[in-house]
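Ready for a short guided tour? Keep the sequence and the 3D view side by side, and try each task before reading its solution.

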Amino acid sequence: MATEPSVAGPTTEEPTAEEPLVDGFGRVHRDLRISVTDRCDLRCDYCMPAEGLEWLDRSEILSFEEIERIATLCVRRLGVESIRLTGGEPTVRAGLVDLVARLAPLEVDLSLTTNGVRLRQLAAPLVSAGLRRINVSLDTLRRDRFERITRRDRLDDVLAGIEAAVESGLDPVKVNCVVVRGVNDDEVVDLARFGRDSGVTMRFIEYMPLDAQGRWDRPAVVGQDEIIAAISAVFPLEDEVRGRQPASRFRYLDGCGEVGVIPSVTEPFCGDCDRIRLTADGELRSCLFSTTGTDLRGVLRDPSADDDRLDALVRQVVAGKWAGHGISSVDFVRPRRSMSQIGG
Ligand code: SAM
Ligand code: SF4
């Protein structure tokens, strides 16, 4: 297993009483997304350019000790209840299984979002380390199309990875599909069928203006209503079930599970948002669409800064959270960082 450089930094001995992370609109934040790398082994067209991006230097990326310190603080002192590891592609970070093992004792809802390419090998070790559930991205079932979208011929690996995830007992296994008009919108029903047949929950994601190439365009977004209408015409669905999560969930009338949509563009769920995001280089952001981040890495690496300082900074970020991302507003400004540089 890879070892991480150790980082000096004082920690408080015992956690103080939990004070929830509440923003100016009364939203309590309980979900922390941690990006462990900005790198990736695919090049999805809606995310990255073919040549990749300018990667962070190794020294800029938070070590596992630093991630563990922030995660522990957020759980023990700030009331965070779920942690999702993401990226870039988290499985390209050496020692990911180690990181999961470090975070598992926090006993939160620990999950991972991955492109699935390396999951065949990693699913069982991740479960042994303490991972309980997983989201795998899959935008098409057609090999030529997969290669066109991701610029890599890895569909078989991803399908094997999804199978390994199910077999290793990860539950639920959710499969995320970004629907882009003219690219894969004709496959929504096939993907829904795939979910029903393979015992995974499909979640269709509306295309967001977070691609690195700035090509996002409103007409390319396939909205929730259109997605659900297409599926329901073949596999009838019950009305929406609302849970405490951003996905709108719809149950199949024949009892064959459910399907979800993340309608970030057509029906933003900002009013219920309980997420904060830590980028691979240690910026804390209160929204995917934040145009700035707050540097926690400098504090983590400052031997004179204690956990009270970190605590105050995290609270400050949450306190300053906007009411909503305003994608549909004329004043909307895209963040400079793309999805893979923030952590989706
Ligand atoms: N590499 C991993 C993966 O693909 O699952 C984790 C990181 S990826 C940035 C997280 C999620 O964001 C994936 O489900 C991906 O499909 C989605 N995503 C990337 N760019 C997007 C965009 N412009 N709009 C909507 N979703 C996007
Ligand atoms: Fe990589 Fe995930 Fe972005 Fe695709 S969506 S390029 S897999 S980070």
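The exercises below walk through a predicted model, piece by piece.

**Exercise 1. Find out which face of helix α4 is buried and which residues the exposed side carries.**

Solution.
- Step 1: Locate α4, which spans residues 143-150. Its buried residues are Arg 145, Phe 146, Ile 149 and Thr 150.
- Step 2: Look down the axis of α4. The buried residues fall within an arc of 115°, so they line one face of the helix.
- Step 3: Recall a general rule: an α-helix has 3.6 residues a turn, so residues three or four places apart point the same way.
- Step 4: Turn to the face pointing away from the buried side, where the exposed residues Asp 144 and Arg 148 sit.
- Step 5: Follow the buried residues of α4 to their packing partner, α5 (155-167).
- Step 6: Move just past the end of α4, where Arg 151 takes a positive phi of about 60°.

**Exercise 2. Work out which strands stand at the edges of the 12-stranded sheet.**

Solution.
- Step 1: Trace the open sheet in the order β9-β10-β11-β8-β7-β6-β5-β4-β3-β12-β13-β14; its pairing is mixed.
- Step 2: Check the ends. β9 (237-241) and β14 (294-295) each have a single partner strand, so one side of each is left without a neighbour in the sheet.
- Step 3: See an antiparallel pair: β10 (residues 248-252) and β11 (residues 258-262) are joined by 4 bridges. Within this pair, Arg 251 is bridged to Glu 258 in β11.
- Step 4: See a parallel pair: β7 (residues 173-179) and β8 share 6 bridges. Here Cys 177 is opposite Phe 204 in β8.

**Exercise 3. Decide whether the two sides of strand β8 are buried or exposed.**

Solution.
- Step 1: Select β8, residues 201-206.
- Step 2: Sort its residues by direction. Thr 201, Arg 203 and Ile 205 point one way, while Met 202, Phe 204 and Glu 206 point the other.
- Step 3: Compare the two sets: all of these residues are buried, that is, 6 of 6 in the strand.

**Exercise 4. Describe the surroundings of His 29.**

Solution.
- Step 1: Find His 29 in strand β2 (residues 28-29).
- Step 2: Its relative accessible area is 1%, so His 29 counts as buried, the cut-off being under 20%.
- Step 3: Follow the His 29 side chain to the backbone oxygen of Arg 27, at 3.1 Å.
- Step 4: Look further along the sequence for residues that His 29 touches, including Leu 21, Leu 78, Cys 273 and Lys 321.

Note on methods:
Residues are numbered from 1 along each chain as its sequence is written. Chains are lettered from A and ligands numbered from 1 in the order in which they are written. This is a predicted model: local features need pLDDT of at least 70, side-chain atom pairs count only at pLDDT 80 or more; totals for chains, interfaces and linings use all residues. Side-chain values use heavy atoms; hydrogens and water are left out. Buried means under 20% relative accessible area, exposed over 50%, partly exposed in between (1.4 Å probe, protein chains only). A polar contact is a pair of N or O atoms within 3.5 Å; within protein, one must be able to donate a hydrogen and the other to accept it, and residues adjacent in sequence count only if both atoms are side-chain atoms. Contact means heavy atoms within 4.5 Å. The arc is that of the directions from the helix axis to the C-beta atoms. Two strands pair if DSSP finds at least two bridges between them.
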